[in-house]
Amino acid sequence: MDAFELFRKLGAGAKFDLKRFGQDAVRFKVQLKHVADDVSSDPLSAIDYFGPAPANGAQSKTTGLEDEGGEESEEGSGDGKLKDTGGNCISWTSSLEGKIQNLPSEGKEKNSLKRLKHLHQEKVNRIRSQHRINVHGCDVPDPVCTFEELQSEYHLNPRVLQNLRDAGLNSPTPIQMQAIPLMMHSRELLACAPTGSGKTLAFCLPLLTHLQQPANRGFRAVVISPTRELASQTYRELLRLSEGVGFRVHIIDKASLAAKKYGPQSNKKYDILVSTPNRLIFLLKQDPPALNLSSVEWLVVDESDKLFEDGKTGFREQLATVFLACSGSKVRRAFFSATCTPDVEQWCRLNLDNLVSVNIGHRNTAVDTVEQELLFVGTENGKLVAMRDIIKKGFLPPMLVFVQSIERARELFHELVYEGINVDVIHADRTQQQRDNVVNSFRAGKIWVLICTALLARGIDFKGVNLVLNYDFPTSAVEYIHRIGRTGRAGHQGKAITFFTENDKPLLRSIANVIKQAGCPVPDYMIGIKKIHSKVKRRLEKKPPKRSTICTTPRFLMKKKGKAQGRNKKSVSHCDFLRICT
DNA sequence: AAAAAAG
């Protein structure tokens with residue numbers, strides 16, 4: 001396959017600033033050529049890696065969502081091109097390898113060696129199935145069962161291990177068990193694990209371990225996130241983990257954008273960078289570039305399916321620009337998300353080196369720690385009534401309320417702000433200062449009800465969100481999975497209520513299927529609704545049903561009621577709130 | 001529709 005064709009695929013038709021990135025593009029081509037040569041010399045990986053493009057069937061099979069007819073298809077079924085690890089693909093732990101090499105190679109001993117191998121393999125298989133770890137690819141290292149093993153096998157910094165313990169983290173989650181050893185072996189991967197199952201740590205630990213110690217060569221690891229809030233959360237996680245180790249972890253904020261502090265004159269005393277894509281690009285496109293990513297060894301794409309979103313103003317083009325800027329010869333890439341589209345899967349299969357894909361449980365499913373409920377509210381007005389009812393009946397804060405647009409977020413906020421509860425709102429039209437304040441207050445428990453757009457749908461880890469309310473119906477099953485994933489995290493219990501009206505009927509079936517698959521009851525008729533055409537579905541994702549404005553206050557009252565009334569209102573404490581509501 | 005760079 002022509003390397004430049006791959007390069008074009010990466011951009012999905014996007015236009016690159018070839019003048020600026022021309023040099024990188026050439027290097028990129030060379031790199032791809034190198035990979036292609038490697039592959040052609042190895043017949044096995046040639047099959048796995050550059051196999052013929054999957055047939056249409058295989059492509060649409062990989063997300064259980066696209067054809068949600070309730071099929072319980074194993075996620076492996078669509079991965080025809082990737083070899084299963086069952087059998088002889090497992091690598092050996094170094095200790096066992098040693099033992100075996102010391103054995104005399106007589107017939108009898110050979111037999112016992114075979115048995116030993118077999119037993120080891122059985123053990124590994126058992127661990128994987130116990131934790132619902134599904135893995136596809138060649139030479140996949142064994143999962144680790146404790147953080148201590150990371151120290152003995154992969155030289156995890158003892159201080160990092162201590163930091164883990166201090167944070168109350170005692171043993172790895174399934175995604176961590178498998179993804180960490182893979183990244184430690186410098187394997188490129190596509191990892192798919194449920195919301196709140198520890199993906200952030202799964203890539204942060206290997207980054208810290210891989211870099212070993214601070215160096216002055218510029219950034220060696222980059223993490224990309226779709227929102228600033230998620231970037232800053234990952235940044236803080238890295239800071240916490242690397243405390244006392246001396247790594248220079250950075251996030252591109254407004255100040256660093258203005259200062260261009262990573263420019264050519266910098267002393268390159270940086271190790272890890274966390275950012276949203278556009279900020280990176282902003283720095284890369286300066287003349288001279290205010291950021292150099294040529295020393296990057298690890299590029300982590302968090303919420304990868306989101307960042308692969310296409311379209312003229314979508315993320316995909318930005319991501320491609322970042323990929324090209326990471327021009328070093330040994331750059332490795334890892335993709336993480338709770339959901340995975342066929343798009344991402346195929347791209348990874350074609351472009352990553354000897355890809356391993358890791359899935360925890362079934363792909364694209366909601367966590368079973370969330371009690372999910374669909375609530376018919378009749379009309380738009382019914383939503384507000386039902387919302388007030390929830391508040392009146394009493395609920396345990398904090399609660400997250402998702403709406404479909406910024407305008408509706410504003411409207412709902414104005415409806416609830418005088419109810420005597422601590423409510424706030426967050427969306428991309430608020431200033432960064434406001435956004436930061438809101439997130440901090442919500443984390444501190446000062447806000448009980450937070451109204452938000454899709455801004456907070458992905459990756460954000462608020463401890464102890466008790467209720468997610470989908471005030472507006474989610475635009476897709478994927479969106480639904482991420483929204484309700486803000487609760488029920490790390491094994492805790494959570495609850496999600498989703499309002500729906502007659503207008504939401506087209507997407508009702510697909511969301512009902514997600515709920516059913518997670519083990520929550522749904523009325524049979526919903527599953528029985530006729531499947532909508534995928535064209536219609538796509539249109540709904542882009543243009544959700546038009547909804548009337550959220551407003552109950554008669555106009556003549558709205559003018560009299562100013563902000564003054566809100567200001568004079570006696571503030572209510574958290575205890576008061578609980579009393580009001582019970 | 002939202003998000004992502006400033007303003």
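## Close-up views of chain A and DNA strand B

**View 1. An even mix of residues faces the DNA.** By class, the surface near DNA strand B is made of 8 nonpolar, 8 polar and 8 charged residues. Please keep in mind as you look around that this is a predicted model. In total, 24 residues surround DNA strand B, and the closest are Leu-257, Thr-276, Arg-279, Phe-282 and Arg-435. Which part of the strand do they meet? Among the atoms of DNA strand B within 4 Å of the protein, 62% belong to sugar or phosphate, and the rest belong to bases.

**View 2. Helices H12, H13 and H23 help to line the DNA.** Look for helix H12 (254-259), helix H13 (277-284) and helix H23 (534-542): each one supplies at least two residues of the surface near DNA strand B. Which helix gives the largest share of this surface? That is H13, with 3 residues.

**View 3. Side chains reach phosphate and base atoms.** Start with Arg-435, which is among the residues closest to DNA strand B. A polar atom in the Arg-435 side chain lies 2.6 Å from a phosphate oxygen of the strand. Arg-228 also has a phosphate partner: an N or O atom of its side chain is 3.2 Å from a phosphate oxygen of DNA strand B. Now turn to Lys-306, where a polar side-chain atom lies 3.4 Å from a base nitrogen of DNA strand B.

**View 4. Helix H16 is mostly covered.** This helix runs over residues 342-351, and 9 of its 10 residues are buried. Trp-347, Cys-348 and Leu-350 are among the buried residues of H16. Charged side chains can be found there too, since the buried residues of H16 also include Glu-345 and Arg-349.

**View 5. A stretch annotated as the Q motif.** An unreviewed UniProt entry gives residues 149-177 the annotation "short sequence motif: Q motif". In the model, this span is 66% helix and 0% strand. If you find the C-alpha atoms at its two ends, you will see that they lie 10 Å apart.

**View 6. Stepping back to the whole of chain A.** Here you can follow 26 helices and 14 strands. How much of chain A is buried? Buried residues make up 52% of its 582 residues. The accessible surface of chain A comes to about 27,300 Å², and carbon and sulfur atoms account for 52% of that area. Among contacts in chain A with a separation of 6 or more, 78% join residues 24 or more positions apart.

Methods. Residues are numbered from 1 along each chain as its sequence is written. Chains are lettered from A and ligands numbered from 1 in the order in which they are written. This is a predicted model: local features need pLDDT of at least 70, side-chain atom pairs count only at pLDDT 80 or more; totals for chains, interfaces and linings use all residues. Side-chain values use heavy atoms; hydrogens and water are left out. Helices (H or I, at least four residues) and strands (E, at least two) are DSSP runs, numbered from the N terminus. Buried means under 20% relative accessible area, exposed over 50%, partly exposed in between (1.4 Å probe, protein chains only). Contact means heavy atoms within 4.5 Å. Accessible areas come from the Shrake-Rupley method with a 1.4 Å probe; for residues, only the protein chains shown count as cover. A residue is near a molecule or strand if one of its heavy atoms lies within 4 Å of it. A polar contact is a pair of N or O atoms within 3.5 Å; within protein, one must be able to donate a hydrogen and the other to accept it, and residues adjacent in sequence count only if both atoms are side-chain atoms. UniProt positions are given in the numbering used here, feature names are shortened, and annotations may be inferred rather than shown by experiment.
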